[in-house]
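Hi,

Here is the structure I promised to pass on to you. Have a look around it first, and then read my notes below.

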Amino acid sequence: MKQSLQLRTSQHLALTPQLQQSIRLLQLSTLELHQELEQLLTENPLLERLDDPLDRSVRLLADGAIGQAAPTATAAEGPANENTPPADAAPSEPEQYEGEGIAESDGDWSDAGRSKAPDDEDARPQLEAGHHSLREHLMEQMRVTVLEPRDRALMELIIDALDENGYLEESLEEIHARLPEELDIEIEELQTSLTLLQSFDPVGVGARNASECLALQIKRMPGVPLVTRRMALCIVEKHLAWFAQRDFNKLKKALDCDDEDLREAQAVIRRCNPHPGAAFSADASDYVVPDVVVKKGRNGWVVTLNNDVMPRLRVNALYASLLKQGKGESQMNAQLQEAKWLIKNMRQRFDTILRVAQAIVERQKNFFSHGAVAMRPLVLREIADTLGLHESTISRVTTQKYMLTPHGMFELKYFFGSHVATEAGGEASSTAIRALIVQFTGAEDPKNPLSDSKIADMLGEQGMVIARRTVAKYREALKIPPVSLRKSL
């Protein structure tokens with residue numbers, strides 16, 4: 001084969017740095033977006049943020065006093081004052097970059113309505129109460145109960161061996177084996193300390209398994225008849241597995257009782273807490289901040305962006321003036337261009353989220369009016385074709401972006417789902433089928449719960465052709481127990 005040089009012309013798509021940044025910002029969640037923004041603000045001195053994420057936080061002043069941070073801008077000042085340049089900036093430069101920032105005169109990007117009245121509850125500094133751990137709670141009781149230093153040391157040893165639910169993870173034999181022989185500690189001493197610990201609050205702490213935890217609580221439960229208490233203790237100590245599986249026939253045969261006696265014992269057991277130490281857990285709840293808010297308007301459903309998650313950016317007027325006069329370096333010119341790109345891409349990100357949310361609400365009007373049972377099938381391609389965007393762009397927009405509706409908080413992906421054929425030749429959304437399953441199981445007779453086959457037949461009566469195994473898959477996804485575990489006396 002002879003080698004030769006040839007010239008060809010072709011077209012290909014080049015991902016510019018600006019396009020790469022736009023794609024990256026679009027797929028970030030709200031939390032990730034603010035983290036990315038903080039890093040960019042640190043690296044680029046020409047970029048400024050007008051809103052302070054901590055402007056409502058309680059802060060510690062220099063003299064040790066607690067004060068409320070002053071807001072960056074009041075509602076009366078409006079967005080127009082936010083673009084005012086510093087006093088030492090050139091007077092003729094800010095107009096050039098006035099339209100580059102997210103803070104504009106447009107109502108969607110304004111900060112109006114964020115400030116609070118002086119008598120508003122949110123305006124008063126509030127401090128979170130200190131966390132009281134399970135160990136501290138038990139140690140306080142030990143200090144007023146145990147006097148001898150040796151007994152206190154053994155008690156503290158057992159307290160340190162408890163897990164977050166208040167259970168003793170190690171056996172007394174394992175704890176005793178770890179102790180030095182020269183201390184001459186008998187295992188009976190550890191048993192005495194454990195028995196004393198099990199009398200502390202919360203009731204059930206120090207148990208070695210669920211059966212012992214429930215038994216400790218039943219023994220100290222007031223107002224329980226003796227016969228019912230004995231039957232409940234017998235169940236949790238000997239037949240807890242049958243009770244968990246709701247095998248009431250075996251329980252009645254083993255206890256030689258009728259339905260009424262077993263029902264009373266069951267009510268006593270249900271009053272117990274299988275995790276007595278969970279109330280002292282320090283796990284903080286994770287809250288989701290919505291990107292868009294849907295409200296009922298006069299002419300239908302109205303979609304608005306959440307101003308609290310929209311950063312307000314601008315180019316530093318002083319540095320921009322210096323670059324205008326030719327006093328800056330080439331690196332600062334590049335940073336200026338990067339700042340303008342970021343502001344533009346940030347605005348484009350929120351505009352795209354708003355457009356996608358509006359298209360979703362337009363197609364899911366029945367959901368907002370009647371709930372999940374009225375959800376219609378929807379795929380990404382339908383929204384992409386409507387907005388003239390690529391399907392991958394819609395996927396990025398709907399990932400980790402949330403919508404606040406009158407029915408609750410939902411991820412944008414929640415409104416997309418597969419479809420199931422109906423007898424009339426139409427389609428039903430899988431979300432609507434899940435809602436119907438929840439509705440059917442919530443209204444069922446506890447003594448005779450609905451099986452998966454029965455639910456499939458009931459859905460068939462609604463015109464939805466669905467197999468039993470599909471019902472089982474949806475039920476498991478909804479974390480609804482099987483029919484055997486939903487049965488009660």
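Let's begin with a charged pair: Glu 48 and Arg 314 join their side chains in a salt bridge, with 2.8 Å from N to O. Glu 48 sits in strand S1 (residues 47-49) and Arg 314 in strand S6 (residues 313-315), so this pair ties together parts that are 266 residues apart in sequence. Are these two residues buried or exposed? Glu 48 is buried, at 19% relative accessible area, and Arg 314 counts as buried too, at 13%. Keep in mind as you read on that this is a predicted model.

How many salt bridges are there in the whole structure? A search finds 18. The general idea is simple: side chains of opposite charge can pair when their charged atoms come close.

Another one to click on is the salt bridge between Glu 156 and Arg 135, where the closest N and O atoms are 2.8 Å apart. Glu 156 belongs to helix H6 (residues 149-160) and Arg 135 to helix H5 (residues 134-145), so the pair ties together parts 21 residues apart in sequence. Glu 156 is partly exposed, with 29% relative accessible area, and Arg 135 counts as partly exposed at 35%.

Now bring in Asp 160, which also has its place in helix H6. Arg 135, Glu 156 and Asp 160 are linked in a network of salt bridges. The side chains of Asp 160 and Arg 135 are joined by a polar contact of 2.6 Å. Their C-alpha atoms are separated by 7.3 Å, although the two positions lie 25 residues apart in the count along the chain. Asp 160 is partly exposed, with a relative accessible area of 45%.

One more salt bridge for your list: Glu 170 pairs with Arg 178, and their closest N and O atoms are 3.0 Å apart. Glu 170 is partly exposed at 23% relative accessible area, and Arg 178 counts as partly exposed at 48%.

Next, helix H14, which runs over residues 317-324. Which of its residues are buried? They are Ala 317, Ala 320, Ser 321 and Leu 323. If you look down the axis of H14, the buried residues fall within an arc of 165 degrees, so they line one face of the helix. It helps to remember that an α-helix has 3.6 residues a turn, so residues three or four places apart point the same way.

Both ends of H14 are worth a look. At its start, a side-chain oxygen of Asn 316 comes to within 3.0 Å of the backbone nitrogen of Leu 318. Just after the helix, Gly 326 has a positive phi of about 75 degrees.

What about the cysteines? The search of the whole structure turns up 0 disulfides. Cys 234 is in no disulfide, and the nearest cysteine sulfur to it, that of Cys 257, is 9.4 Å away. Cys 234 is partly exposed, with 21% relative accessible area. For Cys 272, the closest cysteine sulfur is in Cys 213, at 7.8 Å, which is too far for a bond. Cys 272 is buried, with a relative accessible area of 9%.

On the surface, Val 288, Leu 404 and Met 409 make a nonpolar patch of about 210 Å². Where does Val 288 lie? You'll find it in the loop between helix H13 (259-270) and strand S4 (292-297). At 40% relative accessibility, Val 288 counts as partly exposed.

Finally, two spots for following how the chain folds back. Leu 19 has its place in helix H1 (residues 17-27) and counts as partly exposed, at 32% relative accessibility. The C-alpha atoms of Leu 19 and Trp 341 are separated by 9.4 Å, with the two residues 322 apart along the chain. The other spot is Ala 477, in helix H21 (residues 468-477). Ala 477 is exposed, with a relative accessible area of 53%. Its C-alpha atom is separated by 9.0 Å from that of Arg 434, a residue 43 away along the chain.

Have fun with it!

Terms used. Residues numbered from 1 in each chain as written. Predicted model: local features only at pLDDT ≥ 70, side-chain atom pairs only at ≥ 80, totals over all residues. Heavy atoms only, no water. Salt bridge = Lys/Arg side-chain N within 4 Å of Asp/Glu carboxyl O. Helix = DSSP H or I, 4+ residues; strand = E, 2+ residues; numbered from the N terminus. Buried < 20%, exposed > 50% of the residue type's maximum accessible area, 1.4 Å probe, protein only. Patch = residues over 30% accessible without salt bridge, like charges linked within 9 Å, V, L, I, M, F, W, Y side chains within 5 Å. Areas by Shrake-Rupley, 256 points an atom, 1.4 Å probe, with all protein chains shown as cover. Arc of directions from axis to C-beta. Polar contact = N/O pair within 3.5 Å; in protein donor to acceptor, adjacent residues only side chain to side chain. Disulfide = S-S within 2.5 Å.
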